[in-house]
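Me: Please take a close look at one single part of this molecule and explain, step by step, how that part fits in with what surrounds it. I am in my first year, so I would like the reasoning spelled out.

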Amino acid sequence: MTEDGDGKPDGCAIFYHTSRLSLEEVIHRELLNLMRFSTSSLAFALKLKFLEDSKPLMVVTTHLKAGDAAEKTRYEACQDLIEFIKENKDPEELIVLGVDLGENPWEKGHKFLTQTYKVL
């Protein structure tokens, strides 16, 4: 959990069925902008395995700050989120990405993420 620009706690969570999945690893990092400064957003991932067949699964989430003033920061955080996934994804892993981008589908960060995520 981090604090947003207004000093309010902000965070995200991932829930999963322990009867179907086992936890292999927890990964997180603060997302950065292009100048490598903090965007005050955290990327959080769980590496899981299906108990039934041991197939790997990576679940990733983040919660980005909403508002017109944060559009450039959200876009840059989305770029860093893709790098975070690339750095941590194993080739055989299925990825589930569930995020609160804090913006509309026609905005730059949303477009970048949906177009780039398709080719991971």
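Reply: Two strands are said to pair if DSSP finds at least two bridges between them. With that in hand, the part to look at is strand 5, which covers residues 56–63, and everything said about it here refers to a predicted model.

To place this strand, start with the whole chain. The protein has two helices and six strands, and from the N terminus on they follow one another in the order β-β-β-β-β-α-β-α. Of its 120 residues, 38% count as buried, whereas in strand 5 seven of the eight residues are buried, so that the strand is mostly covered; buried here means under 20% relative accessible area.

Which strands pair with strand 5, and in which sense? On one hand there is strand 4, which pairs with strand 5 in the antiparallel sense over six bridges, and one of the residue pairs involved is K47 with its bridge partner M58 in strand 5. On the other hand there is strand 6, residues 94–100, which pairs with strand 5 in the parallel sense over seven bridges. M58 takes part here too, since its bridge partner in strand 6 is I95. M58 is therefore a good residue to find in the picture, because the pairing rule rests on bridges, and M58 has a bridge partner in strand 4, K47, as well as one in strand 6, I95.

The link from strand 4 into strand 5 deserves a look of its own. The two strands form a hairpin with five residues between them, and S54 lies in this loop. S54 has a positive phi of about 65 degrees although it is not a glycine. Is S54 buried, exposed or partly exposed? With a relative accessibility of 46%, S54 counts as partly exposed, because this value falls between the 20% limit for buried and the 50% limit for exposed.

Strand 4 in turn leads back to strand 3. Strand 3 (residues 21–32) and strand 4 (residues 38–50) pair in the antiparallel sense over ten bridges, and V26 has L46 in strand 4 as its bridge partner. These two strands also form a hairpin with five residues between them, and in its turn R36 has a positive phi of about 70 degrees.

At its other end, strand 5 is followed by a loop that runs to helix 1, and D68 has its place there. D68 counts as exposed because its relative accessibility of 73% is over the 50% limit. D68 and G102 are 34 residues apart in sequence, while their C-alpha atoms are 9.8 Å apart in space.

Now consider what the side chains do. In a regular strand the side chains alternate between the two faces of the sheet. In this model there are two separate nonpolar cores to keep in mind. The largest has 16 residues, of which V60, L81, F84 and I85 touch the most other members. Strand 3, strand 4, strand 5 and helix 1 each supply at least two residues of this core, and its largest share, six residues, comes from helix 1. Apart from it lies another core, of seven residues, among them L21, F44, L46 and L57.

L81, which is found in helix 1, shows how the helix meets the strands. L81 counts as buried because its relative accessibility is 1%, under the 20% limit. Leaving aside residues up to four places away in sequence, L81 touches L31, A43, V60, T62, L97, V99 and L113. From L81 to E30 the distance is 9.4 Å, C-alpha to C-alpha, although the two are 51 residues apart in sequence.

Helix 1 also takes part in a contact with the last helix. The model has one aromatic pair: Y75 and F112 meet edge-to-face, 5.7 Å centre to centre with 80 degrees between the planes. This pair links distant parts of the chain, as Y75 is in helix 1 (residues 71–88) and F112 is in helix 2 (residues 108–117), 37 residues away. Y75 is buried, with a relative accessible area of 18%, and the charged end of K108 sits over its ring, 4.4 Å from the ring centre.

To return to the part we began with, strand 5 has strand 4 as an antiparallel partner and strand 6 as a parallel partner.

Notes: Residues numbered from 1 in each chain as written. Heavy atoms only, no water. Helix = DSSP H or I, 4+ residues; strand = E, 2+ residues; numbered from the N terminus. Buried < 20%, exposed > 50% of the residue type's maximum accessible area, 1.4 Å probe, protein only. Phe/Tyr/Trp six-rings, centres within 6.5 Å; stacked < 30°, edge-to-face > 60°. Lys NZ or Arg CZ within 6 Å of the ring centre and 35° of its normal. Core = buried A, V, L, I, M, F, W, Y, C linked by side-chain atoms within 4.5 Å. Contact = heavy atoms within 4.5 Å.
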